[in-house]
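Here is a short walk through one protein chain. Keep the structure in view as you read.

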Amino acid sequence: MARRLARIACLVAILVLPLAGTGPAAAAPPKRVLIVVMDQMRPDFVETFDMDNVRMLMEDGVSYPNAYLGHMAAETVISHNVMTTGVYPKRMGWSDEVHRDVENALGAGPGAFHVTSSFAASEFFALQSRAGRPNLGDYVRSKFPGRKFAVVGMKTTAAYGAGGPRADMIVTMSSRRTTTTAPCFGTLGGRFRGPAGVNVPAYIAGTGECGRFYVNSDTANTYTTGITQPAWMYPLDGNRFVPGFDAAHLGGDTWVADAAMEIMQREPWGGMLVSFGGMDKGGHMWGGITDTGTYAPSSPEEMAHERFIVRNADNQLGRLIQKLRDLGQLDETLIVITADHAGQPSLNHHGVNAAGRGDFNWYYGRDADETYLMPQPQIQPLIATGNVAFNYQDTAVRTWLTDRSLAKKQEMATVMGTLPNVTATYYLDGNRYVLHSSSTATPMTASERAWWRAHGQEIVDTMAAPWAADVVGLLSDNTSYGVGGDHGGHQEPVQRIPKVLWSADVPAGARPAAAFRSIDILPTVLAALGIEDRAATDGIVRPVYPCTTRASARLRGGVSRVTVQARLLGRPLAGALVRIQGLGTGRTVRTDAAGIASVSLRPRRSGLVRITLPQRGLSLGCSRSVRLRAAAGTAGGGAGLTGKP
Ligand SMILES: [Zn+2]
């Protein structure tokens with residue numbers, strides 16, 4: 001099937017590039033997968049911020065209006081690993097922003113606390129190895145020997161989380177460095193970030209501080225966010241999350257796309273995850289969906305606000321697609337567009353709104369190398385119990401206790417229920433959370449209760465592990481204890497994320513009603529790539545491709561035998577249910593390993609038979625009608641049917 005993907009929008013120009021018309025071609029499985037993560041993207045960003053390239057992929061691909069994240073903690077440092085392993089946070093080695101290392105896997109002592117978003121690569125890899133989950137890269141290498149799995153993202157939490165210890169290549173940004181000697185001192189402001197990661201290729205790493213992949217990271221360079229509330233709680237520090245104005249050293253999502261495109265061009269890649277982190281920063285600073293203002297073109301304010309940041313990310317997606325096209329790789333690539341969580345504005349904010357308060361609003365406690373002991377007043381009732389070992393609060397409140405007895409967990413949960421906008425409380429019991437109360441100081445609205453009834457327990461249970469918080473407080477919609485916009489919790493505005501899949505053989509504009517969670521991404525991608533031998537995950541394969549059928553009918557001794565062969569992506573569709581209806585009969589049979597099913601009919605007249613395969617697994621289903629004709633002179637003397645459907 002000739003494919004479309006006709007419109008690629010760029011910030012400065014709209015490119016109209018129809019795909020080469022190749023005429024009808026046999027459906028075939030994709031040979032590569034590109035996962036693009038839009039960090040903190042909500043589905044309504046597409047229209048609010050004119051994400052032309054995402055919209056185009058939705059129109060030309062399959063998108064899932066009932067998709068949701070499906071886990072807590074709804075955070076970058078969790079979700080990227082979920083996407084590439086297909087397991088719940090509780091089974092991947094760490095399950096929250098804060099980790100109590102009960103097994104001393106990291107060597108700082110049993111029970112030592114760690115802020116996972118500050119993990120070094122070695123700490124991520126230690127916990128990932130301990131969990132022992134194969135990830136997307138392992139499957140790509142086994143299916144396509146010689147092909148590489150690469151991850152690119154400016155956030156280490158995204159890059160190491162998604163890549164894992166066996167990724168062929170991980171490219172991320174270094175921590176901030178200071179220099180007074182480099183020749184590019186003036187350009188980079190003396191404080192810069194450069195490429196870091198695993199097997200960073202020389203064409204990215206080896207360019208020195210004057211090279212393209214080194215960017216300004218001056219903490220004084222905040223594009224006014226350092227002096228403007230609420231952004232000042234978590235301001236910009238140079239060009240880590242925004243492109244900036246230095247054309248030779250563009251940062252943010254432009255940096256990410258440029259690195260990814262270099263790898264696409266130069267490496268035999270089979271799988272790639274590209275994580276655009278700009279809009280997450282904008283969402284935290286200003287609230288995300290409420291940050292709809294427009295600012296003077298090329299002004300610092302425009303650079304720092306969500307409209308520009310989101311459109312830039314969308315433009316970078318357009319550049320990636322164009323690069324695939326230029327390299328002749330587009331028609332063999334499966335593209336997945338999703339988010340690692342959505343986000344909500346802090347219309348109810350329970351942190352201290354002051355410059356630099358972000359980390360102190362989020363964290364209370366002391367870990368191996370960080371100390372946060374300036375909590376907002378709203379969590380004082382928890383601290384007053386004398387039993388808080390560590391606290392973390394964004395759009396849910398989590399408390400790790402010193403005394404972890406059942407009575408103390410219940411006592412803390414009762415206190416938790418008095419905090420502002422806490423709507424339900426839970427305590428940890430092994431591999432699940434027990435609901436303590438949904439009658440707290442703040443009642444849920446009707447819509448909050450409907451979402452909570454459907455998904456509250458499901459979502460909170462996904463982080464229940466020995467290292468997880470002992471007590472959890474879920475919060476109202478549009479509430480945060482952290483910064484101006486936030487995520488982490490179970491709320492529908494945080495959990496509703498885009499899921500768009502495109503490849504050459506998906507039906508344009510399909511909108512399957514099926515749910516699609518982030519644990520479903522890996523099994524679905526592997527099924528599309530034709531990787532049948534896969535370890536168990538917590539996810540299931542979701543429908544992406546339509547099936548096709550061929551049918552024939554043959555007369556034998558007065559009985560008409562109708563045979564159906566079902567295929568998906570050019571392969572036999574085994575184990576599919578086939579419903580055959582018409583001419584007074586209705587039968588359901590299952591296809592064999594060759595995708596073949598047949599039934600015998602004893603029809604009395606000519607007419608139509610309807611063959612239907614319902615949606616199941618990777619298949620969106622398919623149906624067709626077959627006209628069977630009466631044929632005289634059969635062995636039994638009666639009329640049978642033949643058909644050449
Ligand atoms: Zn994120």
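A residue counts as buried when its relative accessible area is under 20%. By that cut-off, strand β8 (residues 169–173) is mostly covered, with five of its five residues buried. Burial holds on both faces of β8. M169, V171 and M173 lie on one side, and I170 and T172 on the other.

This is a predicted model. The chain's pLDDT averages 91, and 91% of the residues score at least 70. Residues 6–25 stay under 50. Residues 633–639 are also below 50. Where pLDDT is low, the predicted coordinates should not be read in detail.

Now look at what flanks β8. Strand β7 (residues 148–153) pairs with β8 in the parallel sense, over three bridges. Here V151 stands opposite I170. Between β7 and β8 the chain passes through helix α6 (residues 156–163), and this β-α-β crossover is right-handed. β11 runs antiparallel to β8, joined by four bridges. One bridge partner pair is V171 and G197 of β11.

Next, the whole sheet. It is open and mixed, with eight strands in the order β4-β26-β14-β3-β13-β7-β8-β11. β4 (62–63) and β11 (195–198) stand at the edges with a single partner strand each, so one side of each has no neighbour in the sheet.

At the β4 edge, the partner is β26 (residues 499–502), antiparallel over two bridges. S63 has V500 as its bridge partner there.

Helices lie across these strands. Helix α2 (residues 52–60) crosses β3, β4, β14 and β26, at about 65 degrees to β26. Helix α12 (residues 306–326) lies across β3, β13 and β14, at about 165 degrees to β13.

Terms used. Residues numbered from 1 in each chain as written. Predicted model: local features only at pLDDT ≥ 70, side-chain atom pairs only at ≥ 80, totals over all residues. Heavy atoms only, no water. pLDDT = per-residue confidence, 0-100. Contact = heavy atoms within 4.5 Å. Pairing = 2+ DSSP bridges. Axes fitted to C-alpha atoms, helices over the stretch in contact; angles between N-to-C directions. Buried < 20%, exposed > 50% of the residue type's maximum accessible area, 1.4 Å probe, protein only. Right-handed = clockwise from strand over helix to strand, strands pointing away.
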